[in-house]
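Visitor: I'd like a close look at just one part of this protein, please. Pick a spot and walk me through what surrounds it.

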Amino acid sequence: MVVHPETGRQQNLASQFGAEDRRVVASAPADAPAVTPTQVPTATFTTPLRPAPTLTRAPKGSKPNVTVSTGRLAVVAGFSKANGVREKLTYRVEIEEGLSVNGAAVAAAIHRTLTDPRGWQAIHPVSFERTDKPDADLRIILATPTLTDKLCLPLVTGGEVSCRVEDRVVLNAKRWMYAVPAYAGQVDLYRSYLVNHEVGHALGHGHSTCAQKNTPAPVMLQQTKGLAGCLPNAWPTIKAT
Ligand SMILES: [Zn+2]
């Protein structure tokens, strides 16, 4: 029987990475508590078998990947200066490897939202600054539903929603990509809602309700679960939170 050398090599590689996956997952709780900043990928993963994290266009006819979880987070390199003089709050953007997103574009969208004049900086004495350093005050993580559920524990996100736990703001990639029906055609606005809502928790805000139908929803309303008669709104300054 003849085994094609290329096939054999790929199978070997696949089994090596498979074993590596299991080892990392199994040792994660002891070696790397969830609150510990995640390091950039190690040199052992130099031959990715999955789409590169910066892939922006899926191959023709296939859907972008938002659900296949590698379980590995990569820090988006770069720095976006605070645009205010008040107390700096630093954050770092981390994206699960294998997601069909452009990390730099995601980080830019997050920074635009956080520094928007309609955002939290108008309400809180903070200026958001993006860093890629391990000592960031806040980690803003874009992850598959599977990893979101893990990183959000003890909160239950059910593969559908996002959360903030301790220093982690975890954005569910499924929502980031597809938003929710109430935001149909306004994915960018929904992304701003998502960032502002979860960062709002980090700033100490709890949930709000829709007080009056057909008025903008408070940003701290759980808009992913429904608008209760209110209108989509991403900005804390537009309505009392
Ligand atoms: Zn919430």
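Guide: Let's take helix α3 and then move outwards from there.

Before we start, this is a predicted model: local features need pLDDT of at least 70, side-chain atom pairs count only at pLDDT 80 or more, and totals for chains, interfaces and linings use all residues. Residues are numbered from 1 along each chain as its sequence is written.

First, the lay of the land. The protein chain has 5 helices and 6 strands. Helices (H or I, at least four residues) and strands (E, at least two) are DSSP runs, numbered from the N terminus. Read from that end, the order is α-β-β-α-β-β-α-β-β-α-α.

Now zoom in on α3, which spans residues 145-152. Here Leu147, Thr148, Asp149, Leu151 and Cys152 are buried. A residue is called buried if 20 or more other C-beta atoms lie within 10 Å of its own, exposed if 12 or fewer, and partly exposed in between, with the C-beta atoms placed from the backbone. Across the whole chain of 241 residues, 35% are buried. So what covers the buried part of α3? The cover includes strands β2 (87-96), β4 (138-143), β5 (163-165) and β6 (168-172).

Let's pick out Asp149 in that helix. Asp149 counts as buried because it has 21 C-beta neighbours inside 10 Å. Skip residues up to four places away in sequence, and Asp149 touches Thr157 and Gly159. Touching, or being in contact, means that the C-beta atoms of two residues, placed from the backbone, lie within 7 Å. Cys163 sits 14 residues from Asp149 along the chain, and their C-alpha atoms are separated by 9.0 Å.

Just past the helix there's a quirk: Leu153 and Pro154 are joined by a cis peptide bond, with omega at about 10°. Pro154 belongs to the loop between α3 and β5. A bit further on, in the loop between β5 and β6, Glu166 has a positive phi of about 50° although it isn't a glycine. Glu166 is exposed, because it has 10 other C-beta atoms within 10 Å.

Back to the inside. A nonpolar core is a set of buried Ala, Val, Leu, Ile, Met, Phe, Trp, Tyr and Cys residues joined through C-beta atoms within 7 Å. The largest one here has 43 residues, and α3 is one of the elements that each supply at least two of them, along with β1 (73-75), β2, α2, β4, β6, α4 (173-178) and α5. Ile95, Ile140, Ile141, Leu142, Val170 and Leu171 touch the most other members. Take Leu171: leaving out neighbours within four places in sequence, it contacts Ile140, Ile141, Leu142, Ser162, Trp176, Leu194 and Glu198.

Two of the core's suppliers, α2 and α5, also pack against each other. Helix α2 (residues 103-114) and helix α5 (residues 187-202) meet at an angle of about 65°, with axes 9 Å apart. Those axes are lines fitted to C-alpha atoms over the stretch in contact, and angles run from 0 to 180 degrees between N-to-C directions. On the α2 side the contact uses Ala109, Ile110, Thr113 and Leu114, while α5 brings Arg191, Ser192, Val195, Asn196 and Val199.
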